[in-house]
Amino acid sequence: MQTTGDVNFLNLEWWFRLIYELAFGSHSFSSAGFGAFLSRVWLWVTVVGSIVAVLSLVVIAYCIMRLFELRKKESEALGPVIHLAKDNGANPRWVHIQSLMDGANPSQWREAILEADILLEDMLKEQRYTGAGVGEMLKQVERSDFNTLDAAWEAHRVRNDIAHRGSTIELTEQLARRTIAKYESVFREFDMI
């Protein structure tokens with residue numbers, strides 16, 4: 001009778017022979033035969049387990065690399081994450097701007113427009129536009145990416161008049177409200193408020 005030592009490769013016959021020798025071989029149903037059987041099985045479990053572990057590590061490393069590539073492409077395609085309004089639905093900076101607009105003093109309206117322009121600048125920076133100011137950043141914007149681009153420009157021009165002419169500009173409540181409404185349309189497009 002041929003022993004398992006003659007078979008040096010893994011196949012179904014080898015496994016049947018191993019079981020057969022355990023049952024009917026020279027050490028059948030003895031502790032030595034059962035121990036030899038378990039040692040051979042354990043050897044294969046170890047070899048197969050090691051191969052599966054190495055393959056699993058390779059698959060995990062590949063998945064992690066692909067995940068990082070996907071995140072990078074997603075970030076490039078979608079741009080930065082824009083902070084949404086707080087849990088109660090109100091952006092505290094926008095609430096402050098609105099409270100300034102509720103005032104009766106033109107200086108409060110000026111401050112509201114200046115604050116809204118700063119909020120616009122922060123939004124553009126979060127979208128990775130660069131430049132010395134809002135005007136330079138707005139020049140880089142693709143019209144297809146920014147539906148309210150004209151509103152942003154009009155509001156920013158009013159802000160420039162206020163910043164450069166100071167108190168000499170006559171800021172009416174109607175102009176202030178119209179300017180803030182333009183900022184509001186921009187912020188609503190990008191879910192800032």
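Here are three short exercises on this predicted model, each with a worked solution.

**Exercise 1. Which residues of helix H6 are buried, and what covers them?**

Let's start by finding the helix: H6 runs over residues 149-165, 17 residues in total. From first C-alpha to last, H6 reaches 24 Å, close to the 24 Å expected at 1.5 Å a residue. Next, pick out the buried positions: Leu-149, Ala-151, Ala-152, Trp-153, Ala-155, His-156, Val-158 and Ile-162. Now look at the cover over these residues, which includes helix H4 (106-126), helix H5 (134-140) and helix H7 (173-189). Finally, step just past the end of H6, where Gly-166 has a positive phi of about 60°.

**Exercise 2. Which residues have the most contacts inside the largest nonpolar core?**

This core holds 36 residues, and the ones with the most contacts inside it are Leu-124, Phe-146 and Phe-187. Two or more core residues come from each of helix H3 (92-101), H4, H5, H6 and H7. H4 gives the largest share, 8 residues. To zoom in, take Leu-124 and set aside neighbours within four places in sequence: its contacts are then Tyr-129, Val-134, Met-137, Leu-138, Val-141 and Phe-146.

**Exercise 3. Is Ile-97 buried or exposed?**

First, place the residue: Ile-97 sits in helix H3. Its relative accessible area is 2%. Buried means under 20%, so Ile-97 counts as buried. Then check the surroundings: beyond residues up to four places away in sequence, Ile-97 touches Ala-112, Glu-115, Ala-116, Leu-119 and Ile-180. As a last step, compare sequence with space: Ile-97 and Gln-108 are 11 residues apart along the chain and 9.0 Å apart from C-alpha to C-alpha.

Technical notes: Residues numbered from 1 in each chain as written. Predicted model: local features only at pLDDT ≥ 70, side-chain atom pairs only at ≥ 80, totals over all residues. Heavy atoms only, no water. Helix = DSSP H or I, 4+ residues; strand = E, 2+ residues; numbered from the N terminus. Expected span 1.5 Å × (residues − 1). Buried < 20%, exposed > 50% of the residue type's maximum accessible area, 1.4 Å probe, protein only. Contact = heavy atoms within 4.5 Å. Core = buried A, V, L, I, M, F, W, Y, C linked by side-chain atoms within 4.5 Å.
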